[in-house]
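Biologist: Could you give me a close look at how strands pair in this prediction, and then go on to the packing around them? I'd be glad of one connected account that I can follow with the structure open.

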Amino acid sequence: MRALETRGLTKDYPTGSLLQKMKRALHPLDLEVEEGETFGLIGPNGAGKTTTLKLLLGLVFPTGGEARIMGRPLGDPEVKQQIGYLPEQPYFYDYLTGRELLNYFGQLFGLSRQERDVRSRELLEKTGMTDAADVPLRKYSKGMTQRLGIAQALVNRPRLVFLDEPMSGLDPVGRREISHLIRELHDSGTTVFFCSHILSDVEQLCDRVAILNRGKLIEAGRLTDIIDVSLHAVEVVVEGLSPELEKRIAASFREIRPHGPRSHISFPDIPSFEKALPVLIEGGAHLVSVNPVKETLEDHFFREVNAGGRE
Amino acid sequence: MNAVADTRPIETGSRVEGARSLRKIGYVALNTYRETVRDKVLYNLVLFALLMIGSSYVLGAVSVYQEIKVIKDLGLAAISVFGMVIAIFIGIGLVSKEMDKRTLYSVLPKPISRTQFLLGKYFGLCFTLLVNVLVMTVGLYVLLFLMKHPFDPALLKAIFLIYLKLTLLVAVAILFSTFTSSILAGLFAGFVYVAGYFSSDLKNLESVVESTFLPQLTRVLYYVLPNFKNFDVKAAVVAGDPVPWTQLSWATAYAAIYVGLLLVGSCWIFSKRNLK
């Protein structure tokens, strides 16, 4: 069974107050997310990512098309029982404490008092919020609110969790912890659907991605299928590169950029690098690092979005 | 098993769906009550109302032979006015504030319908008002006790009708709150309250105005707007006139029907609304 499936899901918003002109926020969207996979929805601001999430969560209603979650239509109460959601820049009831918020949401999921207590304790610990559990939310920093947001999204042990910009507002430690948590969810079989601007996170965590731009789906598939995995260059950092040595390898490299005592040499491929390597060593240069350069999701994303944007 | 990784389905029990639905309304109501009682504005209003009830003692002292009447008059007026302020100012924010602050985004994807959410908000505020009215009532009776006035159960009839009026006003405020901003909802609810208080005068307007359009408009308003005067027996109670139980029953039924219709309308509007 697919965790999520959309067919022609479309959303128009009225723009004029009197003339009721409609603006298409999401063009007919066909998406499929398999159960247990981590799926990333990426796109620039205004691409339609949040609109897609709001449609799937019943916060806004589609103009056309349909969607099914866990095989059931949107709005089915059983669907809500099995999903979790972290909104972008979440804002919760600031008069509650973190523990009270988790308890309240646990009540809405029909958890018993004992289950709520256990689950709250587990999640507060998991998100590093135990010390702030009994502090009112109005005193939380942005990062703390984000951590609590992730905790509340998991209170019901969802089979499918929607995370909108889960790393937003987190420091490097927090980002690493949340990345770890998303991997744990993935390993446990939970389907994770997340939107992010931080493409390196998406690249590290997702099995498949979809790129949205201006409300249209540009591309969807496995990372290995959509990114060109062939080698683009070999970046080598050396120390002690003399002008004479540079002349001797001139036929092999593509570009040299000096950085203080070091030089960054870009070779077009491995054979060119292998040809230049003995010359460099014999000439007295010290090898600092060798990095194969491949296309990243970020490179691919910008190429696709720019191509779409210029249409 | 790992805490987060545990994907066992949550046991939701085998109770009937209706009971589960009522429980969810109760949870939202309890949270709404918690929201209002943790709001400092509410305490300021209640404190101010109690001060006003207390100040009636001073005014009563300068009203020769009228002390008790003045205290009862001002006490009931304080309960009514401050209850109205709480009903409108908190009622208008119940839904629109949740939309403005986007707290709804994390609540509505949970297994709760928009109708359950709205009803929970309504009953939560009604419960807050009940507690406030009770506090003010106790304040009034304490003052009368200090004045060595015997317990007057008739006051409770007036206070009960004031409370009914407030529950109706909350329903009006929630209706506007579902489709407009807090400020406009406050203005509209205030207009309905004032117009509803004078709705019987609206009906009589046709006898003093020659225009054909205005009387038609006022007649429509008379039938559409709730008549808040139906809940005002303060003068009768203070004067010692009897307030029959039939009047209380009729007013209760009137409020129940109006509140029911307003909540149905609010739920319908809210269920269709896109949360941008």
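Modeller: Happy to! Two strands count as paired if DSSP finds at least two bridges between them. Please keep in mind that this is a predicted model.

Let's begin at the start of chain A. Strand β1(A), residues 2–14, and strand β2(A), residues 22–34, are joined by nine bridges and pair in the antiparallel sense. To find your place in this pairing, look for Lys11(A), whose bridge partner in β2(A) is Leu26(A). Strand β1(A) also pairs with β4(A), residues 64–69, through five bridges, and these two strands run antiparallel. Here Leu4(A) is a good marker, with Ile69(A) as its bridge partner in β4(A).

Now to a sheet with mixed pairing. This open sheet of chain A has six strands, in the order β6-β7-β8-β3-β9-β10. Its edges are β6(A) and β10(A), the latter being residues 216–222; each has a single partner strand, so one side of each is left without a neighbour in the sheet. From one strand to the next, the twist averages 15°. Within the sheet, β7(A), residues 160–164, and β8(A), residues 191–195, pair in the parallel sense over five bridges. You can spot the match at Leu160(A), which stands opposite Thr191(A) in β8(A).

Two helices that pack on this sheet deserve a look. Helix α1(A), residues 49–56, touches β3(A), β7(A), β8(A) and β9(A), and its direction makes about 145° with that of β7(A). Helix α5(A), residues 142–153, touches β6(A) and β7(A), and its direction makes about 170° with that of β6(A). Strand β7(A) is thus touched by α1(A) and by α5(A).

Further along chain A comes a sheet of four strands. It is open, its order is β12-β13-β11-β14, and its pairing is antiparallel. The edge strands are β12(A), residues 255–259, and β14(A), residues 286–294, each pairing on one side only. Neighbouring strands of this sheet are turned by 20° against each other on average, direction ignored. Strand β12(A) is joined to β13(A), residues 262–267, by five bridges, and the two run antiparallel. Glu255(A) marks this pairing, standing opposite Ser266(A) in β13(A). Helix α10(A), residues 270–282, lies across β11(A) and β13(A), at about 15° to β11(A).

What does chain A offer to chain B? The contact takes 37 residues from chain A and 29 residues from chain B. The elements that give two or more residues to the chain A side are α2 (77–81), β6 (83–86), α3 (98–108), α4 (113–126) and α6 (172–187) of chain A. Note that β6(A) appears in this list and is also an edge strand of the sheet of six. By class, the chain A side has 21 nonpolar, nine polar and seven charged residues.

Across the contact, the packing to follow in chain B is between helices. Helix α6(B), residues 114–146, has 33 residues, which at 1.5 Å a residue should span 48 Å; its end C-alpha atoms are 48 Å apart, so the two values agree. Just after α6(B), Lys148(B) takes a positive phi of about 60°.

The axes of α6(B) and α1(B), residues 17–37, come within 7 Å and cross at roughly 45°. The two helices are therefore oblique to each other, and their crossing is right-handed. Among the residues that meet here are Ile25(B), Val28(B) and Tyr33(B) from α1(B), and Phe117(B), Gly120(B) and Phe127(B) from α6(B). By class, this contact has 12 nonpolar, eight polar and two charged residues.

Next, turn to α7(B), residues 154–177, and α12(B), residues 245–272. Their axes come within 9 Å and cross at roughly 15°. That angle is under 35 degrees, which means that α7(B) is roughly parallel to α12(B). The crossing here is left-handed. The contact includes Phe160(B), Leu164(B) and Leu168(B) of α7(B), together with Ala251(B), Ala255(B) and Val259(B) of α12(B). By class, this contact has 15 nonpolar, four polar and one charged residues.

Methods: Residues are numbered from 1 along each chain as its sequence is written. Chains are lettered from A and ligands numbered from 1 in the order in which they are written. This is a predicted model: local features need pLDDT of at least 70, side-chain atom pairs count only at pLDDT 80 or more; totals for chains, interfaces and linings use all residues. The expected span of a helix is 1.5 Å times one less than its number of residues. Axes are lines fitted to C-alpha atoms, for helices over the stretch in contact, and angles run from 0 to 180 degrees between N-to-C directions. Two residues are in contact if their C-beta atoms, placed from the backbone, lie within 7 Å. Ala, Val, Leu, Ile, Met, Phe, Trp, Tyr, Cys and Pro count as nonpolar, Asp, Glu, Lys and Arg as charged, and the others, Gly among them, as polar. Angles under 35 degrees count as roughly parallel, over 145 as roughly antiparallel, 65 to 115 as roughly perpendicular and the rest as oblique. A crossing is left-handed if the near helix is turned anticlockwise from the far one by less than a right angle, and right-handed if clockwise.
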